Amino acid sequence: MVPNKLLRLRVFNVCKKPSRGYRNKPDFTKNTYQVERGFYNYLQEPHLHYFQKILGDDERVLTNLSDLEKYNVDWYQQVRGSSAVVLKPKTTEEVTKIVEYCNANKLALCTQGGNTGCSAGAVPVFDEIILSTELMNEIIEIDENAGTILCQSGVILEALDRAVSEKGLMVPLDLGSKGSCNIGGNVSTNAGGLRLLRYGNMHGNILGLEVVKANGEVLDCLKLMRKDNSGLHIKNIFVGSEGTLGIITKVALQCVPRPKSQQVAFLGLQSYEKVLSTMRKARQELGEILSAIEVMDAISLEWGQQHNKLTLPIDKYPFYLLLETSGSNEEHDNNKLNSFLESALVQNHVLNGVVTGEPSKVQAIWAIRERLPEGFKNHGWLGLYDLSIPVTQFYNLVDETRAYLKNQVEYVFGFGHLGDGNIHLNVLGKKYNKRLAQDLETFLMKRVLELKGSMSAEHGLGFLKRKYLPMVNSPGSYQLMKELKRILDPNHILNPYKVFP
């Protein structure tokens, strides 16, 4: 029996998804960050005529300024390029012709999927040609026996998951941006997401890729087998490369059986020590059905209530945990979760909470966590720090950052994937301050390196974090990365100014 303090969720409001607007259009990236343009050619009429000849339809070669705006600005409205054209191929053959021509004419390219990234890796810095994969959205094959799917890289993650759900399968990746992000972008950033604890990141679920190299050559690594030790795993080079080594056009993905039972618990806790003890207890007692452990501090949810109109199902507490279980036997899973929660309350790990297995209410609970970043884009300067550190230091770093900055910013708060040691440290100020941003990054870099962590757990380096590449890798590793870039993209036309300093 569930104690009185823990309530079965009855009524909960699901907030609408945000619309994408540009109330505060940012200055051009080249001005804000004082970047120099590379030695690339400028787009001219003959180039446009060539692209129009390949793609034909005016709706696939965009040049109108009003049409270009959403492609030139990132979702968080922190950076802004000045591309004069967006190309929308539908096939690998069209991508090949575009890339081969751009390489021959030294025209820089920026590949873009759903443009939901957090590191400005999918928008141009200057006037790069934008190659949008949004029309490359064909699901080619679903094999329900093998549990695999083959699709083009522009398929939206949520649409892909809906398609495999009809076969009793699930895409082993879930993100807050699933309604907009593309599977190719997920591969390019080696996305982690909400259920990495259970299913791992993209790297471990990718069976094969088709990639167009900088010279236009198609690299076919589209094997559909999970086991293949016939030489080097070439496809892995492109996972997490953020479009700097090649353009992903097709993806073969391993899916997992869709759970028949899903439950979420939203819990209030007194301290971070209680957060850690509850996590340990959940891992021990819920083991095989535990699929996610998310943590949020009080300031995160105060932000969500104020800026995103989120409604909380319990009173205010210093910390909150969101636990999810997924399994194949509802009665078994309910009994295990209820037993865990009763024990957690009796032993004072947890102060209060709600639990539900009703799909609409499960979605509503997840919306609390997923929608936290929505208000960021309308709030001046945003420092999004995506860090992997030991969970024992998870929240200490938030406190240390707050103390370091004192009253120089408006907000410092943290939330993230406790189950895999990935915290999203968020610093919000009224406007961008270059000196402050540099000092803060130096401080965080020093602490993360001391903790043997990572400055980019799942968001990638993109443009905003490219300086970290030589700092967080050994000299030998960094040199090998540069050599791979030079071999695969000698003219540096693929996503310039990103990843590589």
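**Figure 1. The largest nonpolar core of the predicted model.** A nonpolar core is a set of buried Ala, Val, Leu, Ile, Met, Phe, Trp, Tyr and Cys residues joined through side-chain atoms within 4.5 Å. In this structure, which is a predicted model, the largest such core has 53 residues, and those with the most contacts inside it are Tyr-385 and Leu-418. Helix H13, which spans residues 434–450, supplies the largest share of this core, namely seven residues. A second core, separate from this one, has 29 residues and includes Trp-303, Ile-365, Trp-366 and Ile-368. In soluble globular proteins, nonpolar side chains tend to be buried together.

**Figure 2. The surroundings of Leu-418.** Not counting residues up to four places away in sequence, Leu-418 touches Tyr-272, Val-275, Met-279, Ile-293, Glu-294, Val-295, Leu-321, Val-391 and Phe-394. Leu-418 is also, together with Tyr-385, one of the residues with the most contacts inside the largest nonpolar core.

**Figure 3. A nonpolar patch on the surface.** Leu-449, Met-471 and Val-472 make a nonpolar surface patch of about 240 Å². Met-471 belongs to helix H14, which covers residues 468–472. Because its relative accessible area is 44%, Met-471 is classed as partly exposed, given that this class lies between the buried limit of under 20% and the exposed limit of over 50%.

**Figure 4. Asn-103 in helix H4.** Asn-103 has its place in helix H4, and it counts as buried because its relative accessibility is 16%. When its neighbours within four places in sequence are left aside, Asn-103 is in contact with Ala-214, Asn-215, Asn-491 and Ile-493.

**Figure 5. Asn-105 in the loop after helix H4.** Asn-105 lies in the loop between helix H4, residues 92–104, and strand E4, residues 109–112. With a relative accessibility of 24%, Asn-105 counts as partly exposed. Its contacts, leaving aside neighbours within four places in sequence, are with Asn-41 and His-47. Although Asn-105 and Tyr-42 are 63 residues apart along the chain, their C-alpha atoms are separated by 9.6 Å.

**Figure 6. The region annotated as a domain in UniProt.** According to an unreviewed UniProt entry, residues 79–258 carry the annotation "domain: FAD-binding PCMH-type". Over residues 79–258 the chain is 18% helix and 24% strand, and the C-alpha atoms at the two ends are 38 Å apart.

Conventions
Residues numbered from 1 in each chain as written. Predicted model: local features only at pLDDT ≥ 70, side-chain atom pairs only at ≥ 80, totals over all residues. Heavy atoms only, no water. Helix = DSSP H or I, 4+ residues; strand = E, 2+ residues; numbered from the N terminus. Buried < 20%, exposed > 50% of the residue type's maximum accessible area, 1.4 Å probe, protein only. Contact = heavy atoms within 4.5 Å. Patch = residues over 30% accessible without salt bridge, like charges linked within 9 Å, V, L, I, M, F, W, Y side chains within 5 Å. Areas by Shrake-Rupley, 256 points an atom, 1.4 Å probe, with all protein chains shown as cover. Salt bridge = Lys/Arg side-chain N within 4 Å of Asp/Glu carboxyl O. UniProt positions renumbered as here; feature names shortened; annotations may be inferred.
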